[in-house]
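Colleague: I'm just starting out with protein structures, and I'd like a close look at a single part of this one. Could you pick one helix and walk me through it slowly?

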Amino acid sequence: MTVFDDNEKTQQHVLSYDKILKRTLSQDDDLTIRFMNGLLSEEIPLGTSVVWLDKETIHEKYVGIVSDFYPRIGGNLYHIELESDAYDSEDIAVRMFKYNVGGAIAHNMSSSKYSLDISFPKSCVIYLKSGKSTPKTIQWNISFFNGQKTELQVPVISLENMSVEDMADNCLFPIGQFYLRTFDPLSNKKIDAFKATAELLIAKLEEAVSKNEIPLHIAIEMQDIIRKTAENTIIRSGKEIKLDIDEKFVETLPWIDFAPLIAEFEERKKEEGRQEGSLKKLNAI
């Protein structure tokens, strides 16, 4: 083992968590549905239409994308917000909201009925990285215009308290690709656990690809984020303490060799093309 010591030439990867999460989800509808089902205990059928309502048009031309993003899935609108605490940069939270679009107000109100049934947004907060001030639960104190008040306890999930197995079983890889961030700051005592977790995370990613839960092109991007997150964790920690870790530690992890999977995917597509061509010929006879 060698002593990993920070030097001026070592640069961290710049990772924009909101952009990465947004890119991951917006590339595949079924991946987004699996993610929502796993995080919010939904039962959205795969194949349901997903429409992204996140483009902010200030003028006639498209000028940018807001940091919050809104997938409309079936008859519901979901709001995904990624936020860092301004006073404690250790806290990185993903806030999720589910709104029943149109529901009560559009369909439950008539001239002969003087009441409205309004469904309050379903909410969940998941912390990608937890600090000393990270709350165990969040309480909303809601005040209405007529003076009535109510309290709502919002579920809080800490990624570091979730096992890799639970994360994979619930199809939460869109946030699981940041999982190694939970080891920051990394200490010498954590190195063995860090390595074991990285290996399991990679294995579970490969398993998800084999089960067609994650498209191949997205899995390639996810593995790259996992690698960069591991490197950033080591670099940041190395600035504070000397880590007894091999300088090529990240390279020795059992990274997925995607070349055979890509070749298999391309061959499968070719075979599907040949079968489609044969079917067209038969129909033409």
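Modeller: Let's start with a bit of vocabulary: the expected span of a helix is 1.5 Å times one less than its number of residues. Keep in mind that this is a predicted model.

Now for our helix, α6, which runs over residues 191-210. With 20 residues, α6 reaches 29 Å from its first C-alpha to its last, close to the 28 Å expected.

Next, which residues of α6 are buried? They are I191, F194, T197, A198, L201, I202, K204, L205, A208 and V209. These buried residues cover an arc of only 165° around the axis, which puts them on the same side of α6. There's a handy rule behind this kind of spacing: an α-helix has 3.6 residues a turn, so residues three or four places apart point the same way. Flip to the face turned away from the buried side of α6, and you'll find the exposed residues D192 and S210.

Then look at what comes just after α6: N212 there takes a positive phi of about 60°.

That end of the helix leads us to the largest pocket, with a volume of about 410 Å³. There are 17 residues lining the largest pocket, and those closest to its centre are V209, N212, L216, F265 and R268. So you've met two of these names already: V209 is one of the buried residues of α6, and N212 is the one with the positive phi. The elements giving two or more residues to the lining are α2, α6, α7 (216-238) and α8 (258-284). The largest share, six residues, comes from α8. By type, the lining divides into six nonpolar, three polar and eight charged residues.

Since α2 turned up in that list, here's a quick stop at one of its residues. M36 lies in α2, which covers residues 29-40. Is M36 buried or exposed? M36 is buried, because its relative accessible area is 0%, and the cut-off for buried is under 20%. Leaving out residues up to four places away in sequence, M36 touches S41, E42, I44, P71, I73, Y78, I80 and M96. M36 and C171 are 135 residues apart in sequence, yet 8.8 Å apart in space, C-alpha to C-alpha.

Finally, let's zoom out to the chain. There are eight helices and twelve strands in it, and 41% of its 285 residues count as buried. Among contacts with a separation of 6 or more, 62% come from residues 24 or more positions apart.

How values were computed:
Residues are numbered from 1 along each chain as its sequence is written. This is a predicted model: local features need pLDDT of at least 70, side-chain atom pairs count only at pLDDT 80 or more; totals for chains, interfaces and linings use all residues. Side-chain values use heavy atoms; hydrogens and water are left out. Helices (H or I, at least four residues) and strands (E, at least two) are DSSP runs, numbered from the N terminus. Buried means under 20% relative accessible area, exposed over 50%, partly exposed in between (1.4 Å probe, protein chains only). Contact means heavy atoms within 4.5 Å. The arc is that of the directions from the helix axis to the C-beta atoms. On a 1 Å grid over the protein atoms alone, a cavity is a set of points where a 1.4 Å probe fits but cannot get out, and a pocket is an open set with protein on both sides within 12 Å along at least five of seven lines; lining residues have an atom within 4 Å of a point. Grid points are joined across faces, edges and corners, and a volume is the space filled by probe spheres set on the points. Ala, Val, Leu, Ile, Met, Phe, Trp, Tyr, Cys and Pro count as nonpolar, Asp, Glu, Lys and Arg as charged, and the others, Gly among them, as polar.
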